[in-house]
Amino acid sequence: MQEQKIYGRREGAVGHVVFNNPAKLNAVSLDMWDGFVGVLEDYAKDPAIRCVVVSGAGGKAFVSGADISKFESERANAEAQARYETISKRGYEALYEFSKPTIAKITGYCIGGGMNLAACCDLRYCNDGARFGVPAARLGLGYGFLRIERLSRIIGLPRAMEFLFTAKQYSAQEALDMGLVHGVTATDDLDAMVDGITSAIAQNAPLTIGLAKAAAREIAKPESQQDHARLAKLAQACFDSEDYKEGRRAFMEKRKPVFQGR
């Protein structure tokens, strides 16, 4: 039986999506994008899943970008390139627009498309051997607006330009210093670091967290396109929820609240 190159697994309230192509440093082909979107859709519909962790198998790479060995079959001409961009964009946007918190757990190489994938996540943590880079200028690839805009929003436009102009790789410490990742630790401790974050998220009120993420996505839009009315409704839903009552009771009773997301 052929091994799945994308798979999901659940650990309590945490959904995991794993890029499982370690022989090619988790390079991504078109069929993998379809599987990725499918796993996210399942997690989006499951109220028991409070957050999602994206990672790569094998320990040597998070995602090393597109599978260059398939460029001749998947991106050989303008029509094929357009098809590839449509399918891969669907994958990136499914992650970026996912309504629950997303965390990139990065080991080893996070290159090209891997950088874009990480930038679509809300939080990013890596091991001390991680390497980051955008090699588009070495391949003659066009790196589109959304990818540059999202990267520059995280690390600033001048630093994003350095990534793109030089195509150099950066260390985990450099990534931390520039704000690309939220934390760096030894490989053996990375799971514990990420588990601490997901545990905190899972214990908190889902409606409040959902509002915070929705607000973050609106902030990223031009002011003329921001939907403040939608955010106001989401805020009111928090105050009208059973979780708000539970939070107040738990505070008065000096205990941990148990939130249900309603």
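Ala-167 sits in the loop that links H7 to strand E9 (169-171), and it makes a good place to start a tour of this predicted model. Despite its place in a loop, Ala-167 is buried, with a relative accessible area of 5%. From there we can look at other backbone turns, two helix pairs and the cysteines.

**Backbone angles to look for**

- Some background helps here: most residues other than glycine have a negative phi.
- Ala-167 has a positive phi, near 60°, and is not a glycine.
- Leu-25 is another non-glycine residue with a positive phi, near 55°.
- You will find Leu-25 in the loop between strand E2 (14-19) and H1.
- Is Leu-25 buried or partly exposed? Leu-25 is partly exposed, because its relative accessible area is 29%, and the buried class ends at 20%.
- Gly-156 comes after H6 and also has a positive phi, near 95°.

**Helices H6 and H7**

- A pair of packed helices is described by the angle between their axes and the distance between the axes.
- Helix H6 covers residues 145-155 and helix H7 covers residues 157-166.
- Their axes are 7 Å apart, and the two helices pack at an angle of about 125°.
- That angle makes H6 oblique to H7, because it falls outside the ranges for roughly parallel, roughly perpendicular and roughly antiparallel.
- The H6 and H7 crossing is right-handed.
- On the H6 side, the residues that meet H7 are Ile-148, Leu-151, Ser-152 and Ile-155.
- On the H7 side, the partners are Leu-157, Arg-159, Ala-160, Met-161, Phe-163 and Leu-164.
- Sorted by class, this contact holds eight nonpolar residues, one polar residue and one charged residue.

**What is buried in H6**

- The buried residues of H6 are Arg-147, Glu-149, Arg-150, Leu-151, Ser-152 and Ile-155.
- Leu-151, Ser-152 and Ile-155 are buried, and these three residues also meet H7.
- Which helices help to cover the buried residues of H6? The cover includes H3, helix H4 (113-119) and H7.

**Helices H1 and H3**

- Helix H1 spans residues 30-45 and helix H3 spans residues 78-96.
- The axes of H1 and H3 come within 9 Å and cross at roughly 25°.
- H1 is therefore roughly parallel to H3, since an angle under 35 degrees counts that way.
- The crossing of H1 and H3 is left-handed, whereas that of H6 and H7 is right-handed.
- From H1, the residues in this contact are Leu-30, Trp-33, Asp-34, Phe-36, Val-37, Leu-40 and Glu-41.
- From H3, they are Arg-83, Tyr-84, Ile-87, Ser-88, Arg-90, Gly-91, Tyr-92, Ala-94 and Leu-95.
- The residues where H1 meets H3 divide into ten nonpolar, two polar and four charged.

**Cysteines**

- How many disulfides does a search of the whole structure find? The search finds zero disulfides.
- Cys-51 is in no disulfide, and its nearest cysteine sulfur, that of Cys-121, is 11 Å away.
- Cys-51 is buried, with a relative accessible area of 0%.
- Cys-238 is in no disulfide either, and its nearest cysteine sulfur, that of Cys-51, is 17 Å away.
- Cys-238 also counts as buried, because its relative accessible area is 12%, under the 20% cut-off.

Note on methods
Residues numbered from 1 in each chain as written. Predicted model: local features only at pLDDT ≥ 70, side-chain atom pairs only at ≥ 80, totals over all residues. Heavy atoms only, no water. Axes fitted to C-alpha atoms, helices over the stretch in contact; angles between N-to-C directions. Helix = DSSP H or I, 4+ residues; strand = E, 2+ residues; numbered from the N terminus. Parallel < 35°, antiparallel > 145°, perpendicular 65-115°, else oblique. Left-handed = near helix turned anticlockwise from the far one by under 90°. Contact = heavy atoms within 4.5 Å. Nonpolar A, V, L, I, M, F, W, Y, C, P; charged D, E, K, R; others polar. Disulfide = S-S within 2.5 Å. Buried < 20%, exposed > 50% of the residue type's maximum accessible area, 1.4 Å probe, protein only.
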